[in-house]
Each structure stands twice: as structure tokens, then as C-alpha cells.
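Please consider the structure shown below. A set of questions and answers then introduces it to a new reader.

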Amino acid sequence: MAVHEHPHRTSGFRLPTSRRNGSAADGAVTAAPATTTATRAYAFASLRLLTGFVFLWAFLDKTFGFGYATPSGKGWIDGGSPTKGFLSSVAAGPMESTFHDWAGAGWVNWLFMLGLLGVGVALVAGVGLRLAAVAGTAMMALMWIAEWPPAKHLSDGTPSMSSNPFADYHLIYAVVLIALAVAGAGVTWGLGKVWAKLPIVRDHTWLR
């Protein structure tokens, strides 16, 4: 018996090509990046608020003497100096004598406290993150030099107790400030979007 094949006839087997199924798959693919982006935004916003609170609390404690790092009655408002204790105790590094001369000086107190307040408010509000990154990084750099982690011994010969010759929390704070500014972390849980719409900020992007 001869078997005749019909070249134009299909086998009848087809892959499912439902448009509905395709749309669902496409939606799942696009939903994943959106979820990742939202999670990243919330993570940066949380980091921004926590870092801002660190700076803002340091300002408040040094100003009013809440009894934490600054004893009660020794705050700036009570006549105490927010820089004298720290700078006068610098005992290592290339700027040791310079910091001793600066300790307690009025202009140093004002610059230091305004820096803490400005960076703290900017981070908590989510505005001016680029300015906050520059100011905060400069502050952290000076404090890093004051503590001088590379030193194994202090100027009097005693061990410095430095745990790392380079990376310490000042460096980490500086990197965090820069990362927050680069990521534009002021939009989520902040006033970054409103701030960016101000005419002066639109004309001068370095204010963002």
C-alpha cells in the first residue's frame, strides 16, 4: 500500500501562543525591576534619615548638653565649647599643633556646629544633598586627620589603639554622604522633588 504525503498539511501540533499568557509574562518581567528600584529607594532613604539623625543629634547634644557625649550643663548654650575637648586632645598626625591652636576658638565652634546642623537638616529633609556631601566630607576629612588612624603610637609614645590604618567611621560617613548625593536619595521620604523644582535650584544644579 502506498502512503501519500500531503506537503501542505501540518501535523496539527502548535505551541500555545495565547496573548493573555504573553501579557502576564511581560508584566512579571517588568514588575521585577520596578520592585527592585522601589526597594533601593527605600534603602537609600532609610540610610539618609539615619545618617542625618547622627549629625543632627550631635549638634543638639553639643548645644544643650543632654548628658550623652556632652555632660549636662556643659553644652554650647551653657558656655561650653563644642571643639575644645576634642581638638585639644589630638595627640598624633601632621596637624596636631594646628588643632591645638584651633581648639575652642569661636570661629571653629561656629563652623563646626553650623556644619553639623546644616548636614543633619539637609539629610533629614532630603534637600541640598550635594552641598551636604561636600561639607560633610570636609568635616569628616578633618576629623580623620585629627584622629590619624595610621599612627601606631601617639606623640607621647603610648599605643594609639588604632584598629585600622586607613578605614574608620569618618571615612565611611564621607562615602555614605557622597553615595546619597549621587543616588538622589532625597526624593523618597524627603522633600527632594519639591526642592529640585525651586527656580534657584533648577538654575544651579549644584544646590540639589
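The questions below begin with the whole chain and then turn to single helices, loops and residues.

Q: What is the mean pLDDT of the protein?
A: This is a predicted model, in which local features need pLDDT of at least 70, side-chain atom pairs count only at pLDDT 80 or more, and totals for chains, interfaces and linings use all residues. Residues are numbered from 1 along each chain as its sequence is written, and side-chain values use heavy atoms, with hydrogens and water left out. The term pLDDT is the predictor's confidence in each residue, from 0 to 100. A value of 70 or more is reached by 85% of the residues, and the mean pLDDT is 89.

Q: Over which residues does pLDDT stay under 50?
A: Where pLDDT is low, the predicted coordinates should not be read in detail. A contact means heavy atoms within 4.5 Å. One stretch has zero contacts beyond four places in sequence in the model, and its pLDDT stays under 50: residues 1-25.

Q: How many helices and strands does the secondary structure comprise?
A: Helices (H or I, at least four residues) and strands (E, at least two) are DSSP runs, numbered from the N terminus. From that terminus on, the elements run α-α-α-α-α-α-α-α. The count is therefore eight helices and zero strands.

Q: What share of the 208 residues counts as buried?
A: Buried means under 20% relative accessible area, exposed over 50%, and partly exposed in between (1.4 Å probe, protein chains only). Accessible areas come from the Shrake-Rupley method with a 1.4 Å probe, and for residues only the protein chains shown count as cover. The accessible surface of the protein comes to about 13,700 Å², with 66% of it belonging to carbon and sulfur atoms. Of the 208 residues, the buried share is 27%.

Q: Why does the span of helix α4 agree with expectation?
A: The expected span of a helix is 1.5 Å times one less than its number of residues. Helix α4 (residues 106-125) has 20 residues and should therefore span 28 Å. The end C-alpha atoms of α4 agree with this, being apart by 28 Å.

Q: Which residue with a positive phi follows α4?
A: Within α4, the buried residues include Val108, Phe112, Leu116 and Leu123. Asn109 is also one of the buried residues of α4. After the helix comes a residue whose phi is near 80°, namely Gly126.

Q: How far does helix α5 reach from its first C-alpha to its last?
A: Helix α5 (residues 129-147) has 19 residues, for which 27 Å is expected at 1.5 Å a residue. Its buried residues include Leu129, Met139, Met140 and Trp144. The reach of α5 is close to the expected value, at 26 Å.

Q: Which residue follows α5 with a positive phi near 45°?
A: The residue lies in the loop between α5 and α6 (169-183). It is not a glycine, although its phi is positive. With a relative accessible area of 24%, it is partly exposed. The residue is Trp148.

Q: Is Trp189 buried or partly exposed?
A: Trp189 lies in the loop between α6 and α7 (192-196). Its phi is positive, about 55°, although Trp189 is not a glycine. Its relative accessibility is 49%, so Trp189 counts as partly exposed.

Q: How far apart in space are Ala185 and Tyr42, C-alpha to C-alpha?
A: Ala185 is placed in the loop between α6 and α7, and counts as buried because its relative accessibility is 5%. Not counting residues up to four places away in sequence, Ala185 touches Phe44, Ala45, Arg48, Leu129 and Leu180. Ala185 and Tyr42 are 143 residues apart in sequence, yet in space they are apart by 8.8 Å.

Q: Is Gly65 buried or exposed?
A: Gly65 has its place in the loop between α1 and α2. Beyond residues up to four places away in sequence, Gly65 touches Leu60, Thr70, Pro71, Ser72, Gly73 and Gly75. Its relative accessibility is 6%, so Gly65 counts as buried.

Q: Is Ile77 buried or exposed?
A: Ile77 is in the loop between α1 (19-64) and α2 (84-88). Phe64, Phe66, Tyr68 and Ile77 form a nonpolar surface patch, with about 470 Å² of accessible area together. Such patches are made of residues with over 30% relative accessible area and no salt bridge (a side-chain nitrogen of Lys or Arg within 4 Å of a carboxyl oxygen of Asp or Glu); like charges are joined within 9 Å, and nonpolar side chains (Val, Leu, Ile, Met, Phe, Trp, Tyr) within 5 Å. At 57% relative accessibility, Ile77 counts as exposed.
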